[in-house]
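Me: I would like to go through some of the descriptive terms applied to this structure, and to see in each case what the term rests on.

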Amino acid sequence: MKSFLKILIFNIVILSFYALYANMGIPQVKPEAPPKEEKLDLGSMTMDQFIALGDKIYNGKGTCTLCHNPVGGRAPVLDAVGSIAADRLKDARYKGKATSPEEYLRESMVDTSAFVVTGFGVTGTNDTKSPMPDVSTGAIGLSPAEIDAVIAYLQKKAGAEVTVKIPTEAPEAKEGGEAAPAAPAKTPEEVIAKYACGACHIIGKEQGALGPDLSKIGASKNEAYLRQAILDPDAVIAKNCPGAPCAPGMMPKDFADKMTASEMEMLVKFMVKSK
Amino acid sequence: MKSFFGFFVVALVVSAAFFLLLDVGLMKLQGLTLLYHH
Amino acid sequence: MILTGIKKVTCLTLLFLLFIAWGGPHVSLQFSGVTVANAEEYAAKSEGAATEAAPAKAEGEKKAEYPPAPKLTEADYPKVKGFNGRIMIWLAAQLHLWFAAFVLAVPIFVLILEGIGMATKDERYDKMAYEFIKVSLTAYSITAIFGGLLVFSLIIFYPDFMKYMTGLFSSTMLAYAFLFFAESASLYIYYYGWHWLHDGFRKWVHLTIGLILNGVGTTLMFLANAWVTFMMSPGGVDPAGAFQGDHWAVIHNFLWNPLNLHRVIANIAYGGSVIGAYAAYKFLSATTKEDRAHYDWMGYTANVIAVSGLLPLPFAGYWLTKEMYAYSQQMGITLMGGIFAWLFIIQAVLIGALFLSANYYLWCGMARSQGAVRYTKYIKYIAVAIIGSFLVWFTPHTLVMTNQELKALGGPYHKYLGPLGIMPAKNTAVNIMILFTYLSFMLYRRCNKIATVSWAPAGNAAQAAIYVAAIANIVFLGVYHGYFTNTPFKVAASVPQVVSTLFVIIFCAIIDAFMYKGAKEVAPLQWGKVPDRSQYALFMLAISFTWLMGLMGYIRSGIRQHWHVYTIMRDNSVDAYTPTIGYAAQVVTLATMIFMAIVIFIFWLSNISAKKAH
């Protein structure tokens with residue numbers, strides 16, 4: 001019995017040492033929470049804000065700095081790529097289809113083997129194959145707007161001219177890129193999702209921040225007004241938009257062609273009830 | 001004692017040569033040279 | 001004479017046929033792609049090669065037959081009051097793995113021991129083999145219990161994930177379930193029939209059953225490995241997760257074989273260490289000299305098994321990590337350069353503990369023979385080399401620093417100590433540790449003998465020379481490539497380092513085998529004459545191995561981060577976050593304590609079963 005206790009205590013002491021070491025002897029880095037889909041507030045962004053967004057993605061969601069850093073040696077440092085891009089297009093080893101520095105940068109994130117910097121290719125492929133993944137899919141999954149933001153950031157970083165335009169359309173949701181199903185939506189929520197109202201408006205569960213808040217629109221507007229707002233958006237411009245004043249040409253004009261009558265009626269009745 | 005040291009020195013030289021050849025061969029197999037050229 | 005020959009040929013043929021039977025599942029998995037369900041689709045595909053319309057039709061059919069991975073929300077994960085689903089699965093899976101590793105490993109060395117017993121006609125080996133298989137029998141049912149708990153927990157807490165997985169893996173899961181009939185049958189016949197099948201030709205039959213047991217067990221593990229590696233490096237599905245028709249591609253994904261190899265070797269090492277703990281426990285509670293001698297010998301044998309499994313393990317792990325990098329640079333870098341990097345420092349500390357315990361046990365063991373006195377003076381040098389290597393092994397690369405510290409250091413890395421944190425230094429350290437451990441083993445092996453061959457001084461000189469040359473070579477490769485070259489060179493330099501180590505071990509083993517032929521036994525090994533503290537080294541080995549396996553299991557599972565199936569099926573549960581290292585360590589420690597409690601229970605059972613009626 002005595003030896004059993006000695007053994008037991010010995011083992012518990014060892015275990016406690018390991019547990020304590022892991023808790024106190026090692027820096028307790030708190031890993032980032034799983035990425036949530038961010039609604040990009042593009043319409044009201046200035047170029048500086050767009051570049052800042054690129055910076056945030058570059059150092060965060062894009063996980064670029066995991067490899068593109070000066071010490072690891074796994075991927076080229078990107079400080080000057082915004083201006084080198086032009087030279088790359090003329091390089092004999094360039095295999096891609098880009099015709100401008102901006103296109104080159106976009107292509108380099110998706111078709112990563114179009115040009116592989118010397119010394120950074122997959123071992124044994126003689127720098128013809130890149131180990132970099134396609135950032136628009138898979139674990140990183142940047143949307144086209146996010147990629148544009150990173151391009152803007154890289155161009156600014158190199159001191160080159162920022163040629164990227166801020167996308168005016170709402171970006172596609174990362175995981176909902178499939179074409180709309182053929183059958184008409186059956187509930188107001190389905191209509192809202194199908195026509196991406198939430199990209200700009202606060203409506204239902206969505207939290208868009210470009211167009212007027214529709215969560216209580218039924219308190220101030222009637223059916224006729226709302227029907228017109230969907231079918232002919234520029235007819236009456238709302239007074240209050242988040243950030244900047246509402247402007248004509250912001251809301252898509254083709255809902256009249258896309259929506260079925262039943263979907264329209266469902267949506268209008270839903271909004272009228274939202275008080 | 002003498003015989004041990006004598007054998008040791010000879011064996012050391014042979015081993016060193018062997019390992020050098022091994023290094024060169026194995027690095028070559030991976031498409032690289034033993035010494036790094038910039 | 002002829003009759004004996006015929007018997008031998010018969011069994012060899014039997015063995016051969018059974019090898020085929022074992023290999024069958026592996027080979028047939030390759031051809032299991034075409035089933036009734038997708039035969040139509042295959043026909044459409046092959047016919048459609050010439051025409052435009054048919055491929056489109058096949059596409060549509062494919063989409064209809066095999067849906068993509070579901071997109072889940074938090075609401076899709078059932079909650080059970082009082083239970084945290086993630087922790088349940090974590091504990092059930094880890095405990096299942098520990099017992100499964102043990103239950104797979106024991107038949108491997110029992111088979112080998114039985115073989116040695118047959119070859120040397122030494123009954124002690126056979127008796128010891130029988131004792132090992134007896135211990136593993138209770139562990140077998142506990143493995144199954146945790147397996148059942150794991151499956152139930154997965155169904156309860158992650159039903160949609162399980163639906164997706166069973167859709168893909170139904171054939172392997174059924175095969176897995178049915179194979180257990182073979183596993184149980186062979187294990188029980190092997191154990192219960194041990195004495196009945198003890199003599200003459202029957203012994204060959206018994207050995208064959210042991211071989212089948214190993215084959216079935218390994219196949220079971222390979223099947224389960226397919227599920228787990230699919231989650232990490234999915235193959236055979238499109239980016240949305242829809243099955244592409246080829247079962248073999250799903251099973252034979254990137255990480256399948258590296259994990260298979262790693263787990264086979266690690267199981268052996270782990271199984272050896274658990275038996276070692278069993279022997280240590282029995283030794284310390286032994287009351288007679290015979291028992292002490294018996295359990296001392298058992299502990300020694302178990303330790304040899306554990307250490308021989310331990311030595312190639314870093315390289316199997318290195319291949320596993322290399323394949324992870326090849327599959328996804330991002331996953332590889334998150335593993336070793338990102339948030340999981342610090343875990344490898346903890347791993348380093350544990351491996352240091354393992355090497356030190358293994359060596360300490362060998363040094364203590366030298367007390368069994370008077371002849372060891374002439375070698376004890378070398379122990380301190382070996383200790384210095386191992387501790388020095390351990391310090392390099394455990395030096396981190398990236399330190400979390402304040403701005404002042406950054407300024408004082410002149411950058412994020414120290415000019416000379418920084419490279420100690422990267423692979424060339426680590427490889428150098430581990431190769432040196434392995435070499436010096438082997439040296440301890442060599443000294444132990446010769447402590448009770450004197451070589452009588454005439455060329456003994458030359459033989460010793462050759463061994464000493466190869467050691468010195470190899471160490472110099474390994475250090476040169478590590479220092480030169482670590483400080484003066486770039487990444488491809490650094491990675492490639494590990495190969496000549498490993499080969500140098502392996503060469504030394506093989507060369508010295510061969511020289512020893514010849515040099516000590518007909519050697520004089522000056523001071524025979526007195527089994528049982530070993531200090532009690534040596535047994536604590538065996539416990540240290542077992543508990544460190546267990547905890548290390550838990551930690552590594554966490555890393556393997558955690559590297560998927562917020563994915564059920566990496567890049568294909570997102571984990572949207574409330575527990576999708578990656579926890580801190582401290583938290584993970586606490587769960588692993590809890591699991592290890594549960595494991596210890598059950599193992600104590602098993603050891604106690606073996607005690608009471610030996611007790612006679614009052």
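Me: What is the handedness of the crossing of helix 4 of chain A and helix 5 of chain A?

Reply: In this predicted model, the crossing of helix 4 of chain A and helix 5 of chain A is right-handed. On the side of helix 4 of chain A the contact is made by Glu102(A), Leu105(A), Arg106(A) and Met109(A), and on the side of helix 5 of chain A by Ile147(A), Ile151(A) and Leu154(A). By class, these residues divide into five nonpolar, no polar and two charged.

Me: Why are helix 4 of chain A and helix 5 of chain A called oblique to each other?

Reply: The axes of helix 4 (residues 101–110) and helix 5 (residues 144–157) of chain A come within 10 Å and cross at roughly 125 degrees. Angles of 65 to 115 degrees count as roughly perpendicular and those over 145 as roughly antiparallel, and the value of roughly 125 degrees falls in neither class. Helix 4 of chain A and helix 5 of chain A are therefore oblique to each other.

Me: Why, then, are helix 3 of chain A and helix 4 of chain A described as roughly perpendicular?

Reply: Here the axes of helix 3 (residues 81–90) of chain A and helix 4 of chain A come within 8 Å and cross at roughly 85 degrees. Since the class of roughly perpendicular takes in angles of 65 to 115 degrees, helix 3 of chain A and helix 4 of chain A are therefore given that description. In this contact, Ala85(A), Ala86(A), Arg88(A) and Leu89(A) of helix 3 of chain A meet Pro101(A), Tyr104(A) and Leu105(A) of helix 4 of chain A, and the residues divide into six nonpolar, no polar and one charged.

Me: What makes up the side of domain 1 of chain C that touches domain 2 of chain C?

Reply: Chain C is divided into domain 1 (85–352 + 571–614) and domain 2 (370–524), with ten residues of domain 1 of chain C in contact with nine residues of domain 2 of chain C. On the side of domain 1 of chain C, helix 11 (313–327) and helix 13 (341–365) of chain C are the elements that give two or more residues, and the largest share, six residues, comes from helix 13 of chain C. By class, this side of domain 1 of chain C has nine nonpolar residues, one polar and no charged.

Technical notes: Residues are numbered from 1 along each chain as its sequence is written. Chains are lettered from A and ligands numbered from 1 in the order in which they are written. This is a predicted model: local features need pLDDT of at least 70, side-chain atom pairs count only at pLDDT 80 or more; totals for chains, interfaces and linings use all residues. Axes are lines fitted to C-alpha atoms, for helices over the stretch in contact, and angles run from 0 to 180 degrees between N-to-C directions. Helices (H or I, at least four residues) and strands (E, at least two) are DSSP runs, numbered from the N terminus. Angles under 35 degrees count as roughly parallel, over 145 as roughly antiparallel, 65 to 115 as roughly perpendicular and the rest as oblique. A crossing is left-handed if the near helix is turned anticlockwise from the far one by less than a right angle, and right-handed if clockwise. Two residues are in contact if their C-beta atoms, placed from the backbone, lie within 7 Å. Ala, Val, Leu, Ile, Met, Phe, Trp, Tyr, Cys and Pro count as nonpolar, Asp, Glu, Lys and Arg as charged, and the others, Gly among them, as polar. Domain bounds come from an automatic or database domain assignment.
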